[in-house]
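Subject: Structure handover

Hello,

Here is the structure I said I would pass on. My notes on what was found follow below.

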There are 2 protein chains.
Amino acid sequence: MGLSWQDIHADALRRIQSREWQPGALIPNEEELAKDLGCARATVNRALRALAEEGWLERRRKAGTRVALSPKRRAQMAIPVIRQEIEALGKTFSHRLIDRVTTLMPAFQSDALGLPAGTSAHHVRSLYLADNLAFAYEDRWVNLIAVPGIETCPLDQISPNEWLVQNAPFSRGTLEYSAVAATDEEARHLGCTLGVPVMVLERQTFGPDAPVTAMRLTFAPGHHLKLVI
Amino acid sequence: MGLSWQDIHADALRRIQSREWQPGALIPNEEELAKDLGCARATVNRALRALAEEGWLERRRKAGTRVALSPKRRAQMAIPVIRQEIEALGKTFSHRLIDRVTTLMPAFQSDALGLPAGTSAHHVRSLYLADNLAFAYEDRWVNLIAVPGIETCPLDQISPNEWLVQNAPFSRGTLEYSAVAATDEEARHLGCTLGVPVMVLERQTFGPDAPVTAMRLTFAPGHHLKLVI
DNA sequence: GACTCTTTTATGTATATACATAATAATTGG
DNA sequence: CCAATTATTATGTATATACATAAAAGAGTC
């Protein structure tokens, strides 16, 4: 066969990185590139589309394709499934249920999930451990409407995280990391000092029909969030 | 025209989210789907490939396509170009050069970039401001071999971040966020209290031929890192 | 000039066809 | 039965062709 789209992709990337195609500059159109390189336009299209998705190029109909000025490249991060994160470190995963109760959600939580004030939800607190050392403390609210089974599932045997992945419908959500001082409760469960800087991940998950869960995950001190470009 | 690949994409996603196609289950092959839905196989391929990239499906030649067991979905994050981050908040961006000097890199820095011990580099410290309030403090080492122009560029007029984006070759890099206590120097420049929890981003950038820069960016307290799924 | 309308053009997509490739399944030889 | 070989098959890719669509450029009007 002729050239593969990966070949075109690599060649174009080389030209971008070597600044043969300068930032902001218009590059030849697909037809021309196809003729020059000796392949079909569809092949060029596939390669340039990939480069655009990766943030190297900006493409607009009629206006053509230009090298991105400030490469707004996207870093990708696997959404933390804590078991995998811990096992990737070569450590043994375990978890401990602290408590679970169905009760009224605080107003800020029901607001954040778009549920009416005064909604009841299942409130679960648990601890994730790596080699029996505290790794993260989780405080989670689960919407009973979206996930009715939550009240009766054995959260001492399977972690809320994993149970939900397997049992809850799931479409989109938000993630937000911040650096905060460990609260009294967090410090107690994570075995650290009150006020020490810790990473907190707040996450809301929405199913196709209804909000599913809101979670606050506090990592033990020293946690890193690595991303790859 | 017939159905678009987005239509197929949406339909398949609906089936996954409604659990009509259960996690781990094999879905019909492309040819069959194309026949059922009334479009060409290439169109189905485009849709399923997109779903696989998004993490909903796992595809293997001959083995077929199945719904991902634990949707290892990837969150995407725009790599911070600080000006854009600040302007997106509706604030005015500015920056202030604190100092710049060409000197020996500390060993841990040259190691991290894979440069021999005792290499000289340009050391730049600067402050980024949003509406004239400290937003982030940057401590950066720039490899003179990869970016010779750095020593003479007017860093009081253009931020190191932007100058490098425009002038340095750039291919891949690492990003690592952590929560730490503000050091004395960081606290002084950010106008916060010593020891307060702050987000730190450490980043290394490598060009096609040589390492380009290592950076430590300390955000003012209260900074959030938002990701979208 | 400011406005609308039309034309042009580069990218975006859909299709049929052909072949490539990886991985499973079947077959064969010992 | 086991290992090596071959056949099968679903996805992956390349191609030509045709048409769709967004947006810029140009033409015409006031």
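To start with a detail: which oxygen of DNA strand C does a polar side-chain atom of B:Arg61 lie 3.3 Å from? It is a sugar or linking oxygen. Please keep in mind throughout that this is a predicted model.

DNA strand C

DNA strand C is surrounded by 26 residues, and the closest are A:Arg41, A:Arg59, B:Ser4, B:Thr43 and B:Arg60. Of the strand's atoms that come within 4 Å of the protein, 75% belong to sugar and phosphate. Two phosphate contacts come from chain A. A:Arg59 has a polar side-chain atom 2.5 Å from a phosphate oxygen of DNA strand C, while A:Glu30 has a polar backbone atom 2.9 Å from a phosphate oxygen of that strand.

Both chains supply elements to this surface. Helix 3, strand 1 (57–60) and strand 2 (64–67) of chain A, and helix 1 (5–17) and helix 3 (41–53) of chain B, each give at least two residues. Helix 3 of chain B has the largest share, with four residues. By class, the surface near DNA strand C has seven nonpolar, eight polar and 11 charged residues.

DNA strand D

Around DNA strand D there are 26 residues; A:Ser4, A:Thr43, A:Arg60, B:Arg41 and B:Arg59 are the closest. Sugar and phosphate make up 76% of the atoms of DNA strand D that come within 4 Å of the protein.

The contacts I noted here involve the backbone. A backbone N or O atom of B:Glu30 is 2.8 Å from a phosphate oxygen of DNA strand D. For a polar backbone atom of A:Ala40 the distance to a phosphate oxygen of the strand is 3.0 Å, and for one of A:Ser4 it is 3.2 Å. Two or more residues of the surface come from each of helix 1 and helix 3 of chain A, and helix 3, strand 1 (57–60) and strand 2 (64–67) of chain B. Helix 3 of chain A gives the largest share, four residues. The surface near DNA strand D divides into seven nonpolar, eight polar and 11 charged residues.

Helix packing in chain A

How do helix 1 and helix 3 of chain A pack? Their axes are 8 Å apart, at an angle of about 50 degrees, which makes helix 1 oblique to helix 3. The crossing is right-handed. Helix 1 contributes A:Trp5, A:Ile8, A:His9, A:Ala12 and A:Leu13, and these meet residues of helix 3 including A:Val44, A:Ala47 and A:Leu51. The contact has nine nonpolar, two polar and one charged residues.

Regards

Key
Residues numbered from 1 in each chain as written. Chains lettered and ligands numbered in written order. Predicted model: local features only at pLDDT ≥ 70, side-chain atom pairs only at ≥ 80, totals over all residues. Heavy atoms only, no water. Axes fitted to C-alpha atoms, helices over the stretch in contact; angles between N-to-C directions. Parallel < 35°, antiparallel > 145°, perpendicular 65-115°, else oblique. Left-handed = near helix turned anticlockwise from the far one by under 90°. Contact = heavy atoms within 4.5 Å. Nonpolar A, V, L, I, M, F, W, Y, C, P; charged D, E, K, R; others polar. Near = heavy atom within 4 Å. Polar contact = N/O pair within 3.5 Å; in protein donor to acceptor, adjacent residues only side chain to side chain.
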